[in-house]
Amino acid sequence: MSRPEGMRGSRRSLQVKFVPDEDVLKHISDDAGTKVRKDKAQLSVSVKRFVKKLENISDNEAQEILEEKNYVAALGICAQDPVGNGSNISGGEVYSFQTPKRSNKMAELASELAQTPEKNVAPDHSKCPEKMAKTPQNSKMFLLMRVFSLLFQSKKKEFVSTTPYRLRKRLAAPDPYLESESEYSASCSEEEDEDEQKEVSTVLPDQKTPAKTKAASTPPPRNSLAKKNKEQKMGNLVEEYFEAHSSSKVLTSDRTLQKLRKRRLDQQTLHDLLKNAPLAYAAEIRDLNQQHESLFSKWMLQLHLGFNIVLYGLGSKRDLLEKFRTSLLQDSVHLVVNGYFPSITVRSILNSITEEVLGHTGTFRSPLDQLEFITKRFKEDSSLELYVLIHNLDSQMLRGERSQQILAQLSSLPSIYLIASIDHINAPLMWDQAKLSLYNWLWYETTTFNPYVEETSYENSLLVQQSGSLALSSLMHVLHSLTLNARGIFRLLAQHQLEKKDNPSYPGLSFQDFYQQCREAFLVNSDLTLRAQLTEFRDHKLIRTKRGADGVEYLLIPVDDSTLTDFLEKEDEDV
Amino acid sequence: GCFVFKPSTKKRRLSDETAHDFRCASNDSEDTELRFVTCQSLWNQIKSETEQIQENLNKQLLDNLVSFLSRSHSDFQEKTTEWTCRMKFREIPTAALVLGVNVTDHDLTFRGLSDVLQDNITPYVALLEAKDCPGIKNLMQKLMGQLMKCDIDVDSLEDEDCVQVSQNRIRCSMPTLISWYDSVTKKTDSETPSKKRNSSSRHWQSPPVVVIFKDMESFTTKVLQDFIVISSQHIHELPLVLIFGIATSPMIIHRVLPHSVSSLLCIELFQSLSCKEHLSTIIDKLLLTSRFPFKLGEKVLQVLINIFLYHDFSVQNFIKGFQLCIVEHFYSQPLSVLCCHLVDIKKRVYSLSHDQCENVRRLPSFRWYVEKQESGKQIELLTNDSFLKEETEKLLEDLHVYHENYVRILRCLHVFTSSLPKYPLGKQIRELHCACLENRVWETEEYESSLQLARMLNKTDLVTMLQQCVEILMSSSGKEFDRAVEKLKEFLTQFQNLEEASQERDVSISPQKELQKKTDLYHLQKTLLELKESRRSKKLTKFEMLRFEVVDYIDSLVRRYLVPADERTLHEIVYFNAAAVLRGHLNAAPRTALHTALNNPHWYLKNPALRCDGGGISNKAPDICIVYKLHLECGRLINLVDWLEAFSTVVMAAEEPNADAASSDQVDDVIHARFIRAVSELELLGFIKPSKQKTDHVARLTWGGC
């Protein structure tokens, strides 16, 4: 009876003072009648609201505390939403820590994925034993075998004979020079070819057991292993974190696309190839898109009611917006902005509004002035309406703070209706509360699974495969406009660079050496003329100069070797 | 990259175009016109209501500010030239306006403020924002631009052009500003009576120049300092008043400005209403009232409140969400045509078409209602349209009455729960409202415990609460609560009587007298136990009995009136419950959507080949999913060759049937091309970026999803 009282007392105040017995008794007996009820009440305020209670005592605004349970309960509701995203996924899954990775894990996963269809097509339980047998067979080729080697030692013997050699042959077929499987099969390579063996030595196979750090997403065939690892993983989470961050050294194989005996693909062939390749799941994607298209008139309504619409989700939303435009916006003035265009600026957007929509000829001192002008015009003339469609609002050129501010202010005008799409995973970080309230977004998830054809066609930073043709053509172009001597100078430099291409630490040709060579070839007569030529090259970004540790100037052509080879070949043809 | 499209034949879009959209949008053509009109008028009502509330809430603050401003330059007004005043003049009168973190709401406040100032104090008000003022020069430019524009507005528009031109040319400096001010005030002096009777009569001879810094925190320290120092030099020529809009705490002034500068300011602090109180008022006036037929369901309200509490504290956004709810409701619910004021219900119900009647019959709550009726009535309800209409009207009226009563009793209950220790049912009425909407509140543990706590209230509290309840119930127009009021009044008089009685009994001896002598712990314990025994059997006092009675009565009211809305028939018509939709639009998670699409394409593409259990993925998945899945297995850097190879392994396996013959260069190229596409798509999405660290490597940018 008196214990809870004491506890409660001590929570309220930490003051300790002497209390005579009679006072205690009096105090207790005063409200002893209600005591029983009170205590019960106390208990029934259950533990789940404990946090809340504490906050309530200390703080008046207690209900504002982050009571995660309520929050999740209220915001986590995504019931019966047909196109809803999987918001039932917790944040921890999407945003997690870096974990240490082994270099061969990707290949492993690939092999696992390669197996899955059999399982999918025939989830028949009668086939189970067969399936069990298959597992070691296929993975035999991979390093994983080592983990199992003790377990399956005896079984392996019998399976070796039944190994589907054809399958391995097929896997090896595309490019015998670069078979990733080969390096992993090194451990059980009694049947491997000689040349494959050779290849192994050039690679850096990380021969540690992959199983140790296997992620929880281990595919079904190795369920038992996955389970075991999961337990292990939980315990090692902290260690793994530090392991992953301990060394900055990255363990990846040293292979390069150079060694791939493959024709380089330029933009055009890539485009053609992809056009001919059938789009997977075309029917499903069409269904998906039709669902989105049914929302068009709703978008119109909401745009007119003062909201702006932003589309997100995997897949190009360009076609969708284009369809929206052609089906609903034909009768109204609208502006289409291709945000993915590499040279787009806010200025050009504003210019096209002032010049083409408002018919204003004149320049503005700053985008802000221009914005002010637009705002004024739209406020004056209430019959003026403009729909703005922006593909990729989050593109490189538009994601800057100032551009977003201007676009946000533009979109906050009541007679400008903005509908935009975003793709980048961090796109929402562009907007702070102020911008968000200006934009007044309504978010729509439109996962289309359409390939980003247009959006990625401008990205030349992309894989090295495509950069070649562009660099080559520009190289040719620039050089053709130069004098014969200048071309000769450049040729010399290129040849020298190609000779040294096997030296990874080649710093470039030093200026003095280069001058010497040029003189010998009767290309220049003084180092001043050479310098003049080099300035010309530098202006066209054909060469790069670097000052070495000893203060000597080194010259380098910042183009990869294959392009350079191509260039020299072309030059030879011309001459 | 920008293309403007103009329609070939310029069709003027009419104002009722929106209605057209609404019509197109909803698939059934019926009543859409009416629905849209209802929706619009409802929204307009609510909008004006919220604006009204906002105005009322800010009134106090604005009044204080206005009086401060009128005080600030009274000396200047009288043109005193005493030395002491001169000294004082070095200080710029400054109002620090603490507005709270909900930056997005500030705009409205400032707009109201500048309107009020222009009406009452001075035409010269300049609103400055940090983003426009990266340097002192820009600040002066902006300031003068705004001030001189005010001038144009006050003056006639005749010389607009010349001012417009000069505005860009004049050197922006304090002396220019002062000379401008002089000329303006002089002009006002000379030609006041004829030209601007209305405007200048409200302003004084030399009105102060008010400069409002909307977001004081984001201004560069240097700009602010320079401006203050410069203008303090000229304060005796130019009656300047500064207003700082502050989102954090007033301490920021002293942190941003060094002492030498802040000593030039004569700061007075003003505090605006906290956004939470603002929200409470809005909820009170919009939701807990029977003025508007449209209601929010529990989940929806919870979503809106959570967005407010956990994301932005912005009342504007809350109202925006509310607007969205209205639009969604009227758009998606064909029967929302009946969501109107009580007076219109009859007319609208009787003009319902047969299809709409069918819609009524399809409502789950109505079906539930029908099932409870006797069979004859059931048949009537399901077959006879006119009978159904009668019944619908009755039910809707019931619903209306229910809501009215609900609000009253909710407020009464809130009077009790808000004063209980530890607030088991929440402190704010909105929490109580949510709890009541969610399920039967009297079945919850929290309610149980709050009743028990209520049974321990002391008399004075209880009496004041009862009085409050009586007031609340009395304010209702209907006769519904007459009996309840009577009953409560009866309780009150009983308490009164009790008081008198107890005063008489006051002299009775307490039984503990004998315990006054010192005891040890053992004895104390023993006596206490005995006492407890005796208490258990002891009869409750009269007061306690009465208290129980009161609490039980309140409980009975709650059970009767606070039935959750979704147990009422036809609640679908007025309650909006699609919380998922609302959340998707307002509080979207783009990255989660991407994650789902990449990890589990089957969620979107309903193809059996894509179905996969566990965390795995089928090898028939779209290229980008496979590439993504493979890249998850890599560390910080990814070797493109390995990646390509792994990809082709998977893809070749997926295309097994015709793979035997193939292996030609053609296939390989296609796979290569597909790989390139997928990788560049991943780059566009921001998962990887090209890296110069190693040849043919890309760097990973995320760690999720593994």
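How many disulfides are there over all chains? The count comes to zero, and the close-ups below, taken from a predicted model, start with the cysteines.

**View 1. Cysteines without a disulfide.** Let's begin with B:C412, which is in no disulfide. Its nearest cysteine sulfur belongs to B:C469 and sits 4.0 Å away. A disulfide would need the two sulfur atoms within 2.5 Å, so this pair, at 4.0 Å, doesn't make the cut. B:C412 is buried, with a relative accessibility of 4%. Over in chain A, A:C518 is buried too, and its relative accessible area is 0%.

**View 2. Helices α19 and α20 of chain A, side by side.** Here we have α19(A), running over residues 346–357, packed against α20(A), which covers residues 367–380. How do you describe a pair like this? Two packed helices are described by the angle between their axes and the distance between the axes. For α19(A) and α20(A), the angle is about 35° and the axes are 10 Å apart. The crossing of α19(A) past α20(A) is left-handed. On the α19(A) side, look for A:R347, A:L350, A:N351, A:I353 and A:T354. Facing them from α20(A) are A:P367, A:Q370, A:L371, A:F373, A:I374 and A:F378. Sort the contact residues by class and you get seven nonpolar, three polar and one charged.

**View 3. The span of chain A that carries a UniProt domain label.** According to an unreviewed UniProt entry, residues 284–445 of chain A are the feature "domain: Origin recognition complex subunit 2 RecA-like". In the model, this span is 46% helix and 17% strand. Its end C-alpha atoms lie 17 Å apart.

**View 4. Helix α17 of chain B and its cover.** Which residues of α17(B), residues 354–362, are buried? They are B:Q356, B:C357, B:N359, B:V360 and B:R361. Among the elements covering them are three helices of chain B: α18 (364–372), α19 (375–383) and α20 (385–417).

**View 5. B:D566 in a loop of chain B.** This residue turns up in the loop between α26 (542–561) and α27 (571–574) of chain B. Is B:D566 buried or exposed? Somewhere in between: B:D566 is partly exposed, because its relative accessible area is 41%. Leaving out residues up to four places away in sequence, B:D566 touches B:L437 and B:H571. Also worth finding is B:N439, 127 residues from B:D566 along the chain, with 8.6 Å between the two C-alpha atoms.

Definitions and conventions
Residues are numbered from 1 along each chain as its sequence is written. Chains are lettered from A and ligands numbered from 1 in the order in which they are written. This is a predicted model: local features need pLDDT of at least 70, side-chain atom pairs count only at pLDDT 80 or more; totals for chains, interfaces and linings use all residues. Side-chain values use heavy atoms; hydrogens and water are left out. Axes are lines fitted to C-alpha atoms, for helices over the stretch in contact, and angles run from 0 to 180 degrees between N-to-C directions. Helices (H or I, at least four residues) and strands (E, at least two) are DSSP runs, numbered from the N terminus. A crossing is left-handed if the near helix is turned anticlockwise from the far one by less than a right angle, and right-handed if clockwise. Contact means heavy atoms within 4.5 Å. Ala, Val, Leu, Ile, Met, Phe, Trp, Tyr, Cys and Pro count as nonpolar, Asp, Glu, Lys and Arg as charged, and the others, Gly among them, as polar. Buried means under 20% relative accessible area, exposed over 50%, partly exposed in between (1.4 Å probe, protein chains only). UniProt positions are given in the numbering used here, feature names are shortened, and annotations may be inferred rather than shown by experiment.
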